Amino acid sequence: MRADVGSAASDATEPEWRTLLRSSLRDPAELASRLELPDDWLAGSGEAQRAFPLRVPEPYLRRIEPGNPHDPLLRQIWPSVAESLPQPPGFVADPLAEHPAAHRGSHHSRRPRQPNALLHKYHNRALLLTTGACAIHCRYCFRRCYPYHESGSWRRALTELHGLEAAGRPVPAEIILSGGDPLLLDDARFADLLSGLEAIASIERLRLHTRVPIALPQRVTPPLLAQLANSRLQIVTVVHTNHAREIDSEVADALSELRSVSAVLLNQAVLLHDVNDDVESLTELSERLFTCGALPYYLHLLDPIIGAAHFQVEERRAQALAGALAARLPGYLVPRLAREEPGATAKRVLAITPPV
């Protein structure tokens, strides 16, 4: 995500998570030195870094094994030379046709001629882009090229929702907070957003999509938990974890706390080549999530975002992996294998291939 959070000088009252966020590592050379990576890893990283800058906070960095260039967490955040290679057909800057220019006049936006952070992609649900900032820059992110500056603000989206209700027009029962990452709003702005949504009677559920509890678990603070616990809305929290090694004790505590204030805590993962595309990694991830109170929800096939083709897992192999996973685990620990397609009103859940 290109947009950044403020860089005001720290003071004694600054929350720990803000301090950690500001001090995130951004220099590939520093990262290579810190993790004892081979010298040739820096070759070619400059172009990838210019296209989509590195960002990794210290709590996540501590989980990466020094001296191991095959570490599955490292592969998710390193600006690789592979990102600058010619991409296969179909790998584009806007794989889900979400950019404002792509959906002018379409069903995605009620007011297509104005910047709009509210995307009406699904029946009775709307997706609200809260911020362009993320705590960590994942190299496979399908919104790494998203023009957040063209999307307007969440405050304008609230005004639109209030206007729809006042006019007696349908208002989605569920709002999905996305971004960037909604938990990078500070407590005051998040409270404003939450109270604004609660004031719209037709809204019943709030779905919070976030990777912050994984990348920066210190953000899960008592004030945030209190806001969620006291909301009239049913809270569904969907975190984004791809590998069991992302879940250390700090993350486990954060997930358990979120579970205590959510109607349900779910996880969605992306199937990534050389990160988690083996049945052992997927099994360990599901079991580790369950110990923290989270249920596996979706296992997404990679969205074909430009620069990420080296992460792609072929669909038939993904179906076979999902079949092998289903043979190992109880059904409630098997995520649905799915692909999102531009213009579709729901994700396409893929059939799995039973093991021979």
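Here are some notes on the pockets, cavities, salt bridges and surface of this predicted model.

1. Start with the open space. The largest pocket comes out at about 830 Å³. It has 43 lining residues, and the ones closest to its centre are Phe 142, Arg 143, Ser 178, His 209 and Gln 268. Strands S1 (118-122), S2 (125-129), S3 (174-178), S4 (205-210), S5 (234-240), S6 and S7 each give two or more residues to that lining. By class, the pocket lining splits into 23 nonpolar, nine polar and eleven charged residues.

2. Next, the enclosed space. I'd look at three cavities of 30 Å³ or more. The largest cavity has a volume of about 80 Å³, and the second largest holds about 60 Å³.

3. What surrounds the largest cavity? Its lining includes Asn 267, Ala 269, Leu 282, Leu 285, Tyr 297 and Pro 335. Strand S6 (264-270), helix H11 (279-291) and strand S7 each supply at least two of the lining residues. Ten residues of this lining are nonpolar and two are polar, with no charged ones. Strands S6 and S7 turn up here and also in the lining of the largest pocket.

4. The second largest cavity is lined by Leu 271, Leu 301, Leu 302, Gln 312, Val 313, Ala 318 and Arg 339. That makes five nonpolar residues, one polar and one charged.

5. Now the charges. Side chains of opposite charge can pair when their charged atoms come close. The model holds 21 salt bridges, and three of them are worth a look on screen. Take Arg 207 and Glu 174, whose side chains meet at 2.7 Å, N to O. Arg 207 sits in strand S4 and Glu 174 in strand S3, so to speak two distant parts of the chain, 33 residues apart. Are these two residues buried or exposed? Both are buried. The pair also belongs to a salt-bridge network that links Glu 174, Glu 204, Arg 205 and Arg 207.

6. Arg 219 and Asp 187 form another salt bridge, at 3.1 Å from N to O. Arg 219 is in the loop between helix H8 (212-215) and helix H9 (222-229), while Asp 187 is in helix H7, so this contact ties together parts that are 32 residues apart in sequence. The two ends differ in burial class: Arg 219 is buried, at 0% relative accessible area, whereas Asp 187 is partly exposed, at 25%.

7. Helix H7 appears again in the bridge between Asp 192 and Arg 155, where the closest N and O atoms are 3.6 Å apart. Asp 192 lies in helix H7 (residues 187-198) and Arg 155 in helix H6 (residues 154-166), 37 residues apart along the chain. Both ends are partly exposed, with relative accessible areas of 38% for Asp 192 and 44% for Arg 155.

8. A quick look at Leu 118, in strand S1. Leu 118 counts as buried because its relative accessibility is 0%, and the cut-off for buried is under 20%. Its C-alpha atom is 8.3 Å from that of Ser 151, 33 residues away along the chain.

9. Last, the surface. Phe 290, Leu 295 and Tyr 332 make up a nonpolar patch, with about 290 Å² of accessible area together. Leu 295 belongs to strand S7 (residues 295-300) and is partly exposed, at 30% relative accessible area.

Note on methods
Residues are numbered from 1 along each chain as its sequence is written. This is a predicted model: local features need pLDDT of at least 70, side-chain atom pairs count only at pLDDT 80 or more; totals for chains, interfaces and linings use all residues. Side-chain values use heavy atoms; hydrogens and water are left out. Patches are made of residues with over 30% relative accessible area and no salt bridge: like charges are joined within 9 Å, nonpolar side chains (Val, Leu, Ile, Met, Phe, Trp, Tyr) within 5 Å. Accessible areas come from the Shrake-Rupley method with a 1.4 Å probe; for residues, only the protein chains shown count as cover. A salt bridge is a side-chain nitrogen of Lys or Arg within 4 Å of a carboxyl oxygen of Asp or Glu. Helices (H or I, at least four residues) and strands (E, at least two) are DSSP runs, numbered from the N terminus. Buried means under 20% relative accessible area, exposed over 50%, partly exposed in between (1.4 Å probe, protein chains only). On a 1 Å grid over the protein atoms alone, a cavity is a set of points where a 1.4 Å probe fits but cannot get out, and a pocket is an open set with protein on both sides within 12 Å along at least five of seven lines; lining residues have an atom within 4 Å of a point. Grid points are joined across faces, edges and corners, and a volume is the space filled by probe spheres set on the points. Ala, Val, Leu, Ile, Met, Phe, Trp, Tyr, Cys and Pro count as nonpolar, Asp, Glu, Lys and Arg as charged, and the others, Gly among them, as polar.
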